[in-house]
Amino acid sequence: MGTSLQPTLYLTVNGEKREVPAPDVRATLLDTLRERLGLTGAKKGCDRGECGACTVHLDGRRVLSCLTLAVAAQDADVVTVEGLATDGELHAMQRAFLDHDAFQCGFCTPGQLMSAVACVREGRAGSPDEIREWMSGNLCRCAAYPQITAAIADVAERAAENESTPAESGGGRS
Amino acid sequence: MKEFTYVKAPDMAAALTALRRPGAQLVAGGTELLNWLKDGIEAPDHLVDITGLPLTAVDVGPHGRLRVGALARMSDLAAHPEVARERPVLAQSLLLAASPQLRNMATIGGNLQQRTRCPYFRADTPLPCNKRTPGAGCAALQADDTAQHAIFGWTQECAATHPSDLAVALAALDATILISGPGGERRVPADAFHLTPEEAEPRRHTVLAPDELITGVEVPARPSARLSHYLKVRQRASYEFAVVSAAVALELTAGDTIGSVRIALGGVAHRPWRLTAAEEALRGTELADTDALRAAVAISFADARPLPGNGYKVELAQRAAVRALRAAARPEAPDVHRAGANGGPR
């Protein structure tokens with residue numbers, strides 16, 4: 001097809017090399033993850049970069065997969081919510097979301113989790129105000145914001161404590 | 001979405017050659033282009049991905065001049081220690097824009113090429129819009145649905161505003177946009193990059209030709225850059241475009257008297273709107289003299305032309321300019337929450 005750069009698209013997702021045969025260059029990373037690779041964790045909310053439900057990590061940075069062409073992500077490391085847990089062990093942020101009841105319907109949760117992990121890593125989770133500002137790109141129609149903020153603050157506090165002791169901090173690939 | 005070919009340009013020459021093909025369109029961060037494709041605002045035959053070009057550096061040159069590559073991401077420029085310290089208005093304009101995810105993706109060159117947020121321009125089903133289809137008319141003006149529209153530099157053809165916070169800050173800093181094209185390189189002042197419908201047909205958003213690309217931005221070293229501030233007034237506390245915004249860079253003489261100042265406004269025109277008459281009048285004014293500040297700023301609003309829906313912007317923009325002037329004179333560590341809270345309507 002004239003629309004393809006090459007017969008097969010190769011993506012690195014959650015540490016695995018994945019093949020997408022006969023790719024459409026118009027496909028977003030979000031659609032490719034969901035429809036070609038069976039990774040339905042990232043959600044299609046607005047599909048225009050406004051709601052954050054499709055948030056994934058690209059080379060360690062949180063981005064919106066609905067505004068990323070899959071073909072442009074070939075050289076990058078993609079991590080989705082499916083890649084957060086390691087060896088069946090939930091990521092500290094996933095555990096905190098459960099502990100704090102940080103969701104109702106759960107649709108925005110994968111994006112919230114990916115954004116939250118990045119928020120702590122960026123050092124932008126120092127106070128509830130700071131968390132709200134730096135999580136502003138993730139909308140929650142159920143308005144679980146207070147619980148989401150509490151979960152992130154909890155993880156950030158424990159990460160800070162771990163930093164001041166030699167203990168290894170928990171958490172997955174991302 | 002129409003089919004297109006995709007090529008990742010290996011170098012500048014290849015990018016410029018690829019851009020000369022009819023139907024070619026450039027893509028970098030993708031945060032604007034992907035939405036244009038989805039909404040039918042653009043339907044290119046060929047996409048030219050320029051993210052492989054070596055244009056990501058942020059360099060502080062001799063005498064403090066700042067040079068920013070067009071492909072530097074908004075988040076990287078905002079986090080650059082020199083930018084936050086020496087040019088607060090720049091860091092603030094970036095951190096008050098979009099969301100962390102979008103700032104990780106969007107480039108400096110792309111930010112300046114954002115198109116208007118006018119809902120009729122952005123409609124996914126075609127509505128009368130002279131920016132989308134020349135001669136189609138303007139649904140916003142026909143319906144008096146103009147709360148978000150311009151109070152300066154508009155015509156009966158189009159009253160859209162440009163949405164870039166960064167462009168407004170760059171105008172206050174007297175920055176230059178660096179452009180490459182088939183004819184070589186050229187430099188355009190930041191406040192002359194966007195085109196108002198008074199200057200060109202609404203279809204044209206900026207001075208950039210289809211076969212040109214932005215390579216970077218140069219910000220001169222000026223004492224005024226340190227005393228600078230970006231004030232953004234929004235309808236939400238965060239993650240929203242400006243209703244109006246004000247960028248100020250000023251120099252103080254003895255005590256708290258204004259020596260020289262540059263003021264640019266966002267949300268009032270289809271380009272960063274300089275208050276040049278006010279800038280003149282503000283020389284020698286005491287910062288503590290609120291009435292004098294207000295009177296000086298008001299001079300630049302004598303020719304404001306509010307529309308039926310946006311008369312409030314005339315007062316709001318003047319107040320924003322006065323507040324930004326006073327905030328610029330009291331530099332503090334950039335703190336996006338305070339800036340966000342300050343930017344909210346009162």
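In this predicted model, the centres of domain 1 and domain 2 of chain A, taken over C-alpha atoms, are separated by 22 Å. Domain 1 of chain A covers residues 8-83, and domain 2 of chain A covers residues 92-164. Their contact draws 13 residues from domain 1 of chain A and 11 residues from domain 2 of chain A. On the side of domain 1 that touches domain 2, strand 3 (residues 55-58) of chain A supplies the largest share, three residues. By class, this side of domain 1 of chain A holds six nonpolar, five polar and two charged residues.

Chain B is likewise assigned a domain 1, residues 1-54, and a domain 2, residues 224-343. The centres of these two domains of chain B, again over C-alpha atoms, lie 37 Å apart.

**Helix 1 of chain A**

Helix 1 of chain A spans residues 29-36, and its buried residues are A:Leu29, A:Leu30, A:Thr32 and A:Leu33. These buried residues pack against strand 2 (16-21) of chain A. Just after helix 1 of chain A comes A:Gly38, whose phi is positive, at about 70°.

**The contact between the chains**

Where chains A and B meet, chain A contributes 26 residues and chain B contributes 23 residues. On the chain A side, the elements that give two or more residues are strand 4 (61-64) and helix 4 (128-134) of chain A. The side of chain A that touches chain B comprises nine nonpolar, 10 polar and seven charged residues.

**The parallel sheet of chain B**

An open sheet of three strands in chain B follows the order 1-3-2, with parallel pairing. Its edge strands, each pairing on one side only, are strand 1 (5-8) and strand 2 (24-27) of chain B. From one strand to the next, the twist averages 25°. Four bridges link strand 1 of chain B with strand 3 (residues 46-49) of chain B in the parallel sense. B:Tyr6 is placed opposite B:Leu47 of strand 3 of chain B. Helix 1 (residues 12-19) of chain B lies across strand 1, strand 2 and strand 3 of chain B, and runs at about 160° to strand 3 of chain B.

**Antiparallel strands of chain B**

A further set of pairings centres on strand 11 (residues 257-266) of chain B, a mostly covered strand in which seven of 10 residues are buried. Strand 11 of chain B runs antiparallel to strand 10 (residues 244-253) of chain B, and nine bridges join the two. Strand 11 of chain B also pairs in the antiparallel sense with strand 12 (residues 273-274) of chain B, here over two bridges. Among the bridge partners, B:Ala247 is matched with B:Ala264 in strand 11 of chain B, and B:Leu265 is matched with B:Trp273 in strand 12 of chain B. Each of the two hairpins has a glycine with positive phi, as the table sets out.

| Hairpin (chain B) | Residues between the strands | Glycine | Positive phi |
|---|---|---|---|
| Strand 10 and strand 11 | three residues | B:Gly255 | near 65° |
| Strand 11 and strand 12 | six residues | B:Gly267 | near 80° |

**The largest nonpolar core**

In soluble globular proteins, nonpolar side chains tend to be buried together. The largest nonpolar core of this model has 160 residues, of which B:Ala172, B:Ala247, B:Val248 and B:Ala321 touch the most other members. Helix 13 (residues 312-328) of chain B gives the most to this core, with eight residues. Apart from neighbours within four places in sequence, B:Ala321 is in contact with B:Ala246, B:Ile263, B:Leu265, B:Leu275 and B:Val297.

The last of these partners, B:Val297, belongs to helix 12 (residues 290-299) of chain B. B:Val297 counts as buried because it has 25 C-beta neighbours inside 10 Å, the threshold being 20 or more. With neighbours within four places in sequence again set aside, the contacts of B:Val297 are B:Leu275, B:Ala278, B:Gln318, B:Ala321 and B:Val322. B:Leu275 thus appears among the contacts of B:Ala321 and also among those of B:Val297. B:Val297 stands 43 Å from B:Asp49, C-alpha to C-alpha, and the two are 248 residues apart in sequence.

Note on methods. Residues numbered from 1 in each chain as written. Chains lettered and ligands numbered in written order. Contact = placed C-beta atoms within 7 Å. Nonpolar A, V, L, I, M, F, W, Y, C, P; charged D, E, K, R; others polar. Domains from an automatic or database assignment. Pairing = 2+ DSSP bridges. Axes fitted to C-alpha atoms, helices over the stretch in contact; angles between N-to-C directions. Core = buried A, V, L, I, M, F, W, Y, C linked by C-beta atoms within 7 Å. Buried ≥ 20, exposed ≤ 12 C-beta atoms within 10 Å, placed from the backbone.
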